[in-house]
Number of protein chains: 2
Amino acid sequence: MTTVYNFSAGPAVLPKDVLLQTQQELLDWHGSGMSVMEMSHRGPEFTQIIQEAEADLRDLMAIPAHYKVLFLQGGATTQFSAIPLNLIGRTGKADYVNTGHWSKGAIAEARRYGDIHVAASGEDRQFTYIPDLTRWQVRPDAAYLHYTPNETIGGVEFQSVPTVGDIPLVADMSSNILSRPVDVSRFGLIYAGAQKNIGPSGLVIVIVREDLLGHALPLTPKLMNYQLVADNDSMLNTPATFAVYVAGLIFKWLKAKGGVAAMEQINIAKADKIYAAIDGSQGFYRNPIDIACRSRMNIPFVLHDDALNAAFLKEAADHRLLQLKGHKSVGGMRASIYNAMPMDGVDALVSFMQDFAGRHT
Amino acid sequence: MTTVYNFSAGPAVLPKDVLLQTQQELLDWHGSGMSVMEMSHRGPEFTQIIQEAEADLRDLMAIPAHYKVLFLQGGATTQFSAIPLNLIGRTGKADYVNTGHWSKGAIAEARRYGDIHVAASGEDRQFTYIPDLTRWQVRPDAAYLHYTPNETIGGVEFQSVPTVGDIPLVADMSSNILSRPVDVSRFGLIYAGAQKNIGPSGLVIVIVREDLLGHALPLTPKLMNYQLVADNDSMLNTPATFAVYVAGLIFKWLKAKGGVAAMEQINIAKADKIYAAIDGSQGFYRNPIDIACRSRMNIPFVLHDDALNAAFLKEAADHRLLQLKGHKSVGGMRASIYNAMPMDGVDALVSFMQDFAGRHT
């Protein structure tokens with residue numbers, strides 16, 4: 001088969017070992033004679049799969065016992081609705097930090113369910129920075145404070161967890177979960193669509209502190225009600241069983257690699273190589289983000305001349321470097337380098353970038 | 001590998017040919033070098049996959065052009081909320097027919113969003129029959145009439161589409177879609193969780209007449225708003241890409257088998273064999289449903305002595321006949337025989353049932 005390096009922002013590259021195991025087990029999981037796709041979600045086989053997935057995720061992230069782990073559907077965007085529906089009821093107010101495209105989406109949806117205040121925004125400088133924490137204006141009666149630790153499109157990433165007192169912190173970790181250690185106890189709720197660092201699309205994981213449950217607004221759709229889902233161990237209805245299975249394999253792969261601390265070191269090394277290629281290109285490539293908040297996961301960059309974009313993408317594809325086109329709102333290129341992107345892929349990209357710049361300067 | 005026959009009610013058996021193709025393409029779809037799980041949902045590869053899936057489904061069901069086909073997440077149970085949220089706004093009222101477990105679930109959730117009236121119910125006889133259409137009390141100002149063409153747990157199936165005048169008919173076809181021809185133009189909306197006759201869990205399909213869109217209640221979560229999803233060709237956010245791909249393969253498999261008309265003949269023959277084994281068992285096995293509305297997809301049956309249940313299930317498993325245990329609300333056994341259950345599996349079950357009865361009479 002063809003070897004390619006796939007820099008898609010999501011759905012994104014998965015570990016080859018996980019895909020090989022999935023392929024091997026596809027028609028007959030552990031001698032059951034059944035594909036995971038064919039198993040009753042209430043049978044002993046799938047029960048084992050989902051329980052192991054949860055245990056491995058708890059292990060990887062050191063999730064405290066008073067947090068529930070929910071396996072849901074509908075992507076992070078569905079959580080843009082579910083979060084205010086479940087959490088805003090306590091005070092009717094919630095604060096949001098606006099660091100780019102995905103923050104804005106979360107804010108727009110939340111406004112439909114209560115009094116939303118933007119505590120800080122990077123929009124004045126086209127989301128190329130993260131406003132200093134000292135300037136955040138968080139209302140003391142906000143039911144929660146929402147932020148986006150990594151902006152997949154803009155390429156802005158928080159390098160530490162903001163300190164906001166007692167207000168429950170809610171984080172959309174879709175594009176950097178499991179890429180570095182985080183102290184889960186600092187959060188009220190963490191959520192992440194699976195299709196970047198967890199597994200296939202169609203699965204979204206919510207990690208929520210138990211005491212925040214039980215305040216859902218009256219019209220909350222049943223399957224968006226975290227309390228009901230938690231009371232049923234994510235089996236209020238049929239979960240996305242195959243996606244849970246693949247996610248579970250990825251959790252085991254991560255553990256075998258040394259967990260998120262080991263993964264962080266690799267991710268730092270991978271990102272450093274690409275930023276060095278950009279910064280060392282004498283202006284041929286440019287990343288507009290403040291150095292202190294550059295993303296390790298999604299690296300947008302523009303070429304000094306937009307007229308070269310088409311040639312860059314075509315030649316990259318000829319070198320089997322795929323899905324490098326930047327989001328239309330930013331332009332240029334974007335290299336998404338999640339956990340499953342091997343160092344070889346980064347090296348191949350850097351080598352190509354240098355070669356391309358040399359030929360087109 | 002082990003050959004088994006899997007009678008799970010869902011997630012359920014998938015066609016072996018489809019699983020083999022999925023396995024073969026798992027790491028490299030059509031020479032792309034990528035698994036379908038790794039592809040951007042906005043790239044040319046997945047765009048082709050989802051467009052072909054929709055075209056093939058439209059072809060199989062002869063879906064008229066003024067109906068939208070939506071690929072959603074969250075299972076049919078999420079649609080229990082989404083349907084009133086989207087459709088009840090026109091008059092604030094909706095009518096439901098109660099034929100069992102899944103009808104009841106849909107009714108309970110709908111009551112949270114408007115004035116719900118039960119137009120007919122089979123509860124007086126433990127849902128063993130379908131109330132005669134002449135006795136249905138449908139309100140003329142109902143925004144829609146909801147019914148469940150096949151009750152997966154009870155094993156009751158409508159053999160024709162009820163005539164209800166101009167009121168849009170909404171049908172939960174989760175467990176019998178694509179098992180027989182239906183005239184889509186008779187419906188306002190059809191929905192179906194994938195994990196029975198369509199593909200893996202995590203995908204739900206909605207087929208909706210365009211003129212019913214645009215009346216969503218103000219608090220409808222963005223991703224539950226059919227109009228917004230339709231306007232974005234099911235790409236309002238990342239769809240369950242792998243599930244859509246497998247569903248697409250199943251649609252092609254169905255077309256190769258001669259489509260739903262051919263499938264109906266096979267389904268009739270399969271169901272007839274099992275009902276004949278039950279009815280011919282001199283009371284050893286019993287199915288309580290009125291003959292006129294017995295399901296072709298889900299056949300619940302009890303043994304004359306519940307004390308034999310454990311032995312039946314154990315011996316069945318020894319014969320590689322799996323997941324035959326009935327739902328706890330009904331007891332006994334249930335054989336779910338969707339499109340992908342081969343005739344060989346039905347023959348093996350019938351043979352085992354006869355043998356078991358012979359040895360335990």
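Let me start with how the two chains are related: in this predicted model, chain B can be laid on chain A by a turn of 180 degrees with a shift of 0.0 Å along the axis, and the RMSD of that superposition is 0.0 Å. That is the relation of a two-fold axis. In chain B, the C-alpha nearest this axis belongs to B:Q23, and it lies 2.7 Å away. The two copies also use the same surface for their contact, since 100% of the contact residues of chain B recur in chain A.

Now to the helices, beginning with α3 of chain A, which runs over residues 75-87. At 1.5 Å a residue, its 13 residues should span 18 Å, and the end C-alpha atoms are indeed 18 Å apart, so the two values agree. Within α3(A) there is nevertheless a kink of about 30 degrees at A:S81, shortly before the proline A:P84. How many of the residues of α3(A) are buried? The count is 13 of the 13, so this helix is largely enclosed by the rest of the structure.

Helix α9 of chain B, residues 343-360, has 18 residues that should span 26 Å at 1.5 Å a residue, and this agrees with its end C-alpha atoms, which are 26 Å apart. Its buried residues include B:V346, B:L349, B:V350, B:F352, B:M353 and B:F356. The buried residues of α9(B) cover an arc of only 165 degrees around the axis, which puts them on the same side of the helix. On the face turned away from that buried side, α9(B) carries the exposed residues B:D344 and B:G358.

Finally, I would like to turn to the backbone. Most residues other than glycine have a negative phi, and most peptide bonds are trans. With that in mind, please look at the bond joining A:G10 and A:P11, which is cis, with omega at about -10 degrees; A:P11 sits in the loop between β1 (5-6) and α1 (16-24) of chain A. In chain B, the peptide bond from B:G10 to B:P11 is cis as well, with omega near -10 degrees, and B:P11 is found in the loop between β1 (5-6) and α1 (16-24) of that chain.

As for phi, A:Q126 has a positive value of about 50 degrees although it is not a glycine, and A:F127, also a residue other than glycine, has a positive phi near 60 degrees. A:Q126 lies in the loop between β4 (115-121) and β5 (145-147) of chain A, and A:F127 likewise lies in the loop between β4 and β5. Are these residues buried or exposed? A:Q126 is exposed, with a relative accessible area of 63%, whereas A:F127, at 14% relative accessibility, counts as buried.

Definitions and conventions:
Residues are numbered from 1 along each chain as its sequence is written. Chains are lettered from A and ligands numbered from 1 in the order in which they are written. This is a predicted model: local features need pLDDT of at least 70, side-chain atom pairs count only at pLDDT 80 or more; totals for chains, interfaces and linings use all residues. Side-chain values use heavy atoms; hydrogens and water are left out. Copies are superposed by least squares on the C-alpha atoms of residues with pLDDT of at least 70 in both. Contact means heavy atoms within 4.5 Å. Helices (H or I, at least four residues) and strands (E, at least two) are DSSP runs, numbered from the N terminus. The expected span of a helix is 1.5 Å times one less than its number of residues. The bend at a residue is the angle between axes fitted to the seven residues ending there and the seven starting there. Buried means under 20% relative accessible area, exposed over 50%, partly exposed in between (1.4 Å probe, protein chains only). The arc is that of the directions from the helix axis to the C-beta atoms.
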